[in-house]
Amino acid sequence: MEAIIKVEGVKKAYKKRKSKEVIQAINDVSFDVKRGEILGLLGPNGAGKTTTIKMICGLLTPDEGSITINGNDMKTQRLKALKHISAVLEGNRNLYWRLTVKENLEYFAGNRGVSRKDAAFLIQDLLHKFNLKHKENELVNRLSRGMQQKLAIAIAMSAETDVILLDEPTLGLDVETSYEVRSILQSIVKEYNRTIIISSHDMDVIQDICERTVIINNGNIVINDSVKNLLKLFEVRSYSITLGGFLSNHQLSLISHKFPHHTYKKETFQSILEIDLAKSEEIYQIIDILKMDETPVEAIDRRNVNFEQIFMKIIKGEKSNAFAQSS
Ligand SMILES: Nc1ncnc2c1ncn2[C@@H]1O[C@H](COP(=O)(O)OP(=O)(O)OP(=O)(O)O)[C@@H](O)[C@H]1O
């Protein structure tokens, strides 16, 4: 699939005005986004997500490196590049509160150069798609937060750009509306071949709708892989072992030494060892340690891991293990 966004060797530092301290927000970041893809851009607070998104939509200029949108360099062909991008960066704050839903859509579509005739057709389509038709003549300040958020995304859609950047699109939404927004985004990508970059702290959303994820930490990319691969990779490595007794101190110290990512819980007659391995073959080393004191093994199960747990593991620095396993 063709890359519609290319981020190559991008660096960005901020200078604090008073102390003159320099903060290297983005170190040396490169990644592509393919046409028709939903990409999740993730990272803990302060990782550099907003800086990256702002550079992609031309609000900030990189100190080094280049960003190309549909073949147009953001530095030398800025206007051409920007024509392909719309963004919802601050939730519903970009809406006109004293205009109706339909007036907001008309205003923003006109602003982005969509003709009146095309806009009329497009707006009706969006009102239906976003389930806002029954609210088309309602003032925005009378809508629920979920509806305002849906309208903000519909407005970004009305510009008919190839790429849509969404910062926390489901933040503060109830569960039902969050699912509705996810399914709308998936259908938009399929039906109109749009490309979406989502920045979110909600790992459920990422697991649900993103094909691929770029995880940034301290201004560097630590993972650029498909969500499916990451889930498979971590599932293979996570085990829950139920023992019909308890581990000796000697066994526990061997396990702690060789496998730092584990938890051990004692129950009345049993104990449970939950362990993450760098390679699935390491399970045999564990079994050897368990055999030492003839601790009876009742069950060995693969643990189901969700994307939230995977994200935390990657951020805590298990990425080197993940790469070793995937390569
Ligand atoms: N205008 C600014 N001036 C100085 N430093 C800044 C500025 N904007 C961001 N930073 C710093 O740059 C780094 C990256 O910030 P950025 O906002 O891109 O991270 P983020 O991943 O979006 O975080 P969050 O999830 O908290 O929004 C952080 O250390 C932040 O403090």
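For these legends, Ala, Val, Leu, Ile, Met, Phe, Trp, Tyr, Cys and Pro count as nonpolar, Asp, Glu, Lys and Arg as charged, and the others, Gly among them, as polar. What you're looking at is a predicted model, where local features need pLDDT of at least 70, side-chain atom pairs count only at pLDDT 80 or more, and totals for chains, interfaces and linings use all residues. Residue numbers start from 1 along each chain, as its sequence is written.

**View 1. The shell around the ligand splits into 4 nonpolar, 6 polar and 2 charged residues.** The residues surrounding the ligand are Tyr14, Lys16, Ile23, Ala25, Gly43, Asn45, Gly46, Ala47, Gly48, Lys49, Thr50 and Thr51 (near here means a C-beta atom, placed from the backbone, within 6 Å of the molecule). Two elements, strand S2 (22–34) and helix H1 (49–56), give two or more residues each. H1 gives the most, with 3 residues. Helices (H or I, at least four residues) and strands (E, at least two) are DSSP runs, numbered from the N terminus.

**View 2. Here's the whole protein, with 11 helices and 14 strands.** Its C-alpha trace spans about 80 × 45 × 45 Å along the principal axes. Of the 327 residues, 35% count as buried; that label takes 20 or more other C-beta atoms within 10 Å of a residue's own, while 12 or fewer makes it exposed and anything in between partly exposed, with C-beta atoms placed from the backbone. Take contacts between residues at least 6 apart in sequence, and 70% of them join residues at least 24 apart. A contact means C-beta atoms, placed from the backbone, within 7 Å.

**View 3. Domain 1 (3–224) meets domain 2 (232–326).** These bounds come from an automatic or database domain assignment. The domain centres, taken over C-alpha atoms, are 39 Å apart, and 9 residues of domain 1 are in contact with 7 residues of domain 2. On the domain 1 side, helix H7 (203–209), strand S9 (212–217) and strand S10 (220–226) each supply at least two residues. H7 provides the largest share of that side, 3 residues. By residue class, the domain 1 side has 7 nonpolar, 2 polar and no charged.

**View 4. An open sheet of 6 strands runs in the order S6-S7-S8-S3-S9-S10, with mixed pairing.** Strand S6 (85–88) and S10 stand at the edges with a single partner strand each, so one side of each lacks a neighbour in the sheet. Neighbouring strands are turned by 15 degrees against each other on average, direction ignored; the axes are lines fitted to C-alpha atoms. Zoom in on S3 (residues 38–42) and S8 (residues 195–199): the two run parallel and are joined by 4 bridges. One of the residue pairs to pick out is Gly40 with its bridge partner in S8, Ile198. Strands pair if DSSP finds at least two bridges between them.

**View 5. Asn70 and Glu168 take positive phi values without being glycines.** Most residues other than glycine have a negative phi. For Asn70, phi is near 50 degrees, and the residue lies in the loop between strand S4 (64–69) and strand S5 (72–73). Asn70 is buried, because 20 other C-beta atoms lie within 10 Å. Glu168 has a phi of about 50 degrees and is found in the loop between strand S7 (163–167) and helix H6 (175–192). Glu168 counts as partly exposed, because its C-beta neighbours inside 10 Å number 19.

Definitions and conventions. Contact = placed C-beta atoms within 7 Å. Axes fitted to C-alpha atoms, helices over the stretch in contact; angles between N-to-C directions.
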